[in-house]
Amino acid sequence: MNDDTERALDEAARLLVESRHVLALVGAGLSAESGVPTFRGPGGLWTKLGEPSMNGYQEFLGDPARWWREQQDQQADPDRTEFREAIERAEPNPGHYALADLERMGILKMTITQNVDDLHARAGQELLAEIHGNRTRLRCITCESRWPRDHFHGQDYPIHCPECRGLVKSDTVMFGEPIPRGVLDLCFSQTEMCDCMIVCGTSATVYPAASFPQTVRERGGAFIEANPNPTPLSPLANVVLRGQNGQMLPALVERVKALRR
Ligand code: OAD
């Protein structure tokens, strides 16, 4: 590690230790070292395949039974099957474990993640706002009840919520689908309280997630960007950790521990 990186890590650790309400905002880059491709940039899923239909949610609403049938026929699209298999195989990496360490230490109060891969929970994190959902769960689009993915196995399609009769779909937020109210409110209220945000592995191009670090800055707080590549947020960041999350985040945890000894 060069001197600039060492200095940036020291400065980031100091910010974390001195702040009252630290949040993490996470994107696909955190899981890249677990073998899950990112969406954008070199090797990204959409760089390779093009962006998926922007009205996926409207299509679901138009024929929910068909959507459920297609879930069963996952071999229909070999390119996306490759992506699904990569997620199924993925294990948490040192970046996920570093965030879990910060949570256990009482530094990290909540992680707002755009990732749906469940790797945060598998690394031991509990304080999560999964703004784009979690692929291992189903959700009622009306009352926002949630269940494990195979909960309704064997039932006729489309699946209706046993509580309110609303339609049930994957918890993963589709294009064109509103972000579920409960998690969105949680993200906004947490961001209001936040005085330091660590922004890990996101291109910061999808809203509202990309607005949270800007809100923190506008309210007088700070944010740290941890990303090997520049993003539209980089010029606003108080500290930039230019490197892979799997290397930078554990190094940051070591410095935080040293400051607290
Ligand atoms: P992107 O694919 O847009 O961006 C991934 C980011 O990860 C880029 O900025 C890379 O530089 C960075 N990156 C790559 N390798 C990394 C590593 N080892 N460590 C750290 N960072 C690394 O992914 P997101 O920003 O998450 O939404 O995209 C946001 C949303 O776009 C996704 O949640 C998805 C999509 O619409 C839904 O599917 C609902």
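Biologist: Let's start with the first helix. What do the buried residues of α1 pack against?

Modeller: They pack against β1 (22–26), α7 (94–104), β7 (196–200), β8 (222–226), β9 (239–241) and α11 (245–260). Contact here means heavy atoms within 4.5 Å. Bear in mind that this is a predicted model, in which local features need pLDDT of at least 70, side-chain atom pairs count only at pLDDT 80 or more, and totals for chains, interfaces and linings use all residues. Residues are numbered from 1 along each chain as its sequence is written, and side-chain values use heavy atoms, with hydrogens and water left out.

Biologist: Why are these stretches called helices and strands?

Modeller: The names come from DSSP runs: H or I over at least four residues makes a helix, E over at least two makes a strand, and the numbering goes from the N terminus. Helix α1, residues 3–18, has 16 residues, so it passes the helix minimum.

Biologist: What is the span of α1 set against?

Modeller: From first C-alpha to last, α1 reaches 23 Å, close to the expected 22 Å. That expected span is 1.5 Å times one less than the number of residues.

Biologist: Which residues of α1 are buried?

Modeller: T5, A8, L9, A12, A13, L15 and L16. They sit on the same side of α1, because they cover an arc of only 160 degrees around the axis. The arc is that of the directions from the helix axis to the C-beta atoms. On the face turned away from that buried side you'll find the exposed residues D3, R7 and E18.

Biologist: Why is A8 called buried?

Modeller: Buried means under 20% relative accessible area, exposed means over 50%, and partly exposed is in between, all with a 1.4 Å probe and protein chains only. A8, in helix α1, has 14%, so it counts as buried.

Biologist: Which residues is A8 in contact with, leaving aside its neighbours within four places in sequence?

Modeller: V239, V240 and L241. As for L252, it is 244 residues away from A8 along the chain, yet their C-alpha atoms are separated by 9.5 Å.

Biologist: How do you know that N93 caps the N-terminal end of α7?

Modeller: A side-chain oxygen of N93 lies 2.7 Å from the backbone nitrogen of G95. A polar contact is a pair of N or O atoms within 3.5 Å; within protein, one must be able to donate a hydrogen and the other to accept it, and residues adjacent in sequence count only if both atoms are side-chain atoms. At the start of α1, a side-chain oxygen of N2 likewise reaches to within 3.2 Å of the backbone nitrogen of D4.

Biologist: What joins the side chains of R139 and E177?

Modeller: A polar contact of 3.0 Å. R139 is in strand β4, residues 137–140, and at 2% relative accessibility R139 counts as buried.

Biologist: Is R165 buried or exposed?

Modeller: Exposed, because its relative accessible area is 56%. R165 is in the loop between β5 (146–148) and β6 (168–170).

Biologist: What makes the phi of R165 stand out?

Modeller: Phi of R165 is near 70 degrees, a positive value in a residue other than glycine. Most residues other than glycine have a negative phi, and most peptide bonds are trans. A204 has a positive phi too, near 55 degrees. A204 is in the loop between β7 and α10 (211–218), and with 8% relative accessible area A204 is buried.

Biologist: Which peptide bonds are cis?

Modeller: Two examples: Y157 to P158, with omega about -10 degrees, and Y207 to P208, with omega near 10 degrees. P158 is in the loop between β5 and β6, while P208 is in the one between β7 and α10.

Biologist: Which residues come nearest to the ligand?

Modeller: Of the 22 residues around the ligand, they are F39, R40, T202, S203 and N227. A residue is near a molecule or strand if one of its heavy atoms lies within 4 Å of it.

Biologist: How do you know that the backbone of F39 makes a polar contact with the ligand?

Modeller: A backbone N or O atom of F39 lies 2.7 Å from a ligand oxygen. A28 has a backbone N or O atom 2.8 Å from an oxygen atom of the ligand, and for N245 such an atom is 3.0 Å from a ligand nitrogen. The protein covers 90% of the 800 Å² of accessible area that the ligand has on its own. Those areas come from the Shrake-Rupley method with a 1.4 Å probe; for residues, only the protein chains shown count as cover.
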